[in-house]
Amino acid sequence: MTSIEAVGAVPFVDGIVYGEGPRWRGDRLWFTDGPAGRVCSAGVTGDIKVEVGLPRASGLGWLPDGTLVVSTLFAAQLHHVDPRGQVLAAYDVSHLAWSTNDLVVASDGRAYVDLYLAGKDGITGGIGLVATDGTVRVVATGLALPNGLAFLPGESTLVVSETNGSRLLTFPADADGDLGSPTVFADLGPHRHPDGLCVDAQGGVWVGCYDTGEFLRVVAGGAITHRIEIDRGWAVAPALGGHDGRTLYLVVDETTHEGLLAGNSTGRILQARVDVPGVGSP
């Protein structure tokens, strides 16, 4: 059995309510702080800038023309934001879902978003393909709460964390955005519930297992190569960035399911150095 390498993390920024959706862009770490109604960025020194005010902001991505796309949690909405932080358009997709969540945009503009459906047996979900005009076409259904979204190197395969399925799935993605049948990339076991994720240049996936307080690097087949344990809170979402792509940023939020619904949370971001750089996804 291959041993799992432990990685240490140190503080980066704090003072946020509930961080989500970390993305490295333009020499800064972007992230959402939904209960505070804002999208923020932080420089390498930890200085925080509010980029746009937007209630319930969750997932982030950029179209090829630089337009920022923001999805929401606890509302089924998508927003387009210009580089000055002005909201250009808001799109209601409540005819398809109770809520959206994470979002990822490929370099060619293909974009995918989580779609959550609330029913008597709990929340299930699917994945929507987002057009540049904000319209959404459902391309995957029947998932046990899809969550983190990213592309493996080459952007022809979408990797998805299925939180209530305790696994990571991969979908072949066509040039027109259609998704093929899923394959299990990694079964994490019933006690782990994967949340946000990011991909490195070797096709490894860093994923936050929120309620076991750990960030894991897993490879195809499910082997865990690296582990970062946090001392408290939920391990929500990682992102690779920094000047060489080898700084791993870790969003941690201290809350409960009930507290999150009420907007009661305390968030922070940690950082760690890793060997394999990111590929810019998400």
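## A cavity, two cores and some paired rings

The largest cavity in this structure has 13 residues around it, and the ones nearest its centre are Glu-20, Asp-102, Gly-196, Leu-197 and Ala-237. Keep in mind that you're looking at a predicted model. Below, we start with that cavity, move on to a residue in one of its lining strands, and then turn to the nonpolar cores and the aromatic rings.

**The cavity**

- How many cavities of 30 Å³ or more does the structure hold? There's just 1.
- The space inside the largest cavity comes to about 50 Å³.
- Four strands each put at least two residues into the lining: β3 (19-25), β15 (146-151), β19 (194-199) and β23.
- Which of them gives the most? That's β3, with 4 residues.
- The lining is a mix of classes, with 5 nonpolar, 4 polar and 4 charged residues.

**Leu-149, a residue in β15**

- Leu-149 sits in strand β15, one of the strands that supply the cavity lining.
- Is Leu-149 buried or exposed? Its relative accessible area is 0%, so Leu-149 is buried.
- Follow the chain from Leu-149 to Gly-196 and you cover 47 residues, yet in space their C-alpha atoms are 7.2 Å apart.
- Setting aside neighbours within four places in sequence, Leu-149 is in contact with a string of residues that includes Asp-102, Leu-103, Val-104, Tyr-112, Val-113 and Asp-114. Also among its contacts are Ile-127, Val-159, Val-160, Leu-197 and Pro-282.
- Two of those contacts, Asp-102 and Leu-197, also turn up among the residues nearest the centre of the largest cavity.

**The nonpolar cores**

- The largest nonpolar core has 17 residues, and the members that touch the most others are Phe-12, Leu-29, Phe-31, Trp-234, Val-236 and Ile-269.
- Where do its residues come from? Strands β2 (10-16), β4 (28-33), β5 (38-42), β23 (234-241) and β24 (247-254) each supply at least two.
- With 4 residues, β23 has the largest share of this core. β23 also supplies at least two residues of the cavity lining.
- Take Phe-31 as a close-up: leaving out neighbours within four places in sequence, its contacts include Ile-16, Glu-20, Gly-21, Pro-22, Val-39 and Cys-40. Ser-41, Ala-42, Ile-48, Leu-60 and Ile-269 are in contact with Phe-31 too.
- Apart from the largest core there's another one, made of 16 residues, with Val-104, Leu-143, Phe-151 and Phe-171 among them.

**Aromatic pairs**

- The structure has 6 aromatic pairs.
- In one of them, the ring centres of Phe-12 and Tyr-249 are 5.0 Å apart and the planes meet at 50°, so this pair counts as tilted.
- Phe-12 belongs to strand β2 and Tyr-249 to strand β24, so the pair ties together parts of the chain that are 237 residues apart in sequence.
- Both Phe-12 and Tyr-249 are buried.
- Trp-30 and Trp-62 make an edge-to-face pair, with 5.1 Å from centre to centre and 85° between the planes.
- This tryptophan pair also links distant parts of the chain, with Trp-30 in strand β4 and Trp-62 in strand β7 (residues 57-62), 32 residues apart.
- Why does Trp-30 count as buried? Its relative accessibility is 13%, and the cut-off is under 20%.
- Trp-62 counts as buried as well, at 13% relative accessibility.
- Which residues do ring pairs link into a cluster? Phe-12, Trp-24 and Tyr-249.

Methods
Residues numbered from 1 in each chain as written. Predicted model: local features only at pLDDT ≥ 70, side-chain atom pairs only at ≥ 80, totals over all residues. Heavy atoms only, no water. Core = buried A, V, L, I, M, F, W, Y, C linked by side-chain atoms within 4.5 Å. Buried < 20%, exposed > 50% of the residue type's maximum accessible area, 1.4 Å probe, protein only. Contact = heavy atoms within 4.5 Å. 1 Å grid on protein atoms, 1.4 Å probe; cavity = no way out; pocket = protein on both sides within 12 Å on 5 of 7 lines; lining within 4 Å. Points joined across faces, edges and corners; volume = space filled by probe spheres on them. Nonpolar A, V, L, I, M, F, W, Y, C, P; charged D, E, K, R; others polar. Phe/Tyr/Trp six-rings, centres within 6.5 Å; stacked < 30°, edge-to-face > 60°.
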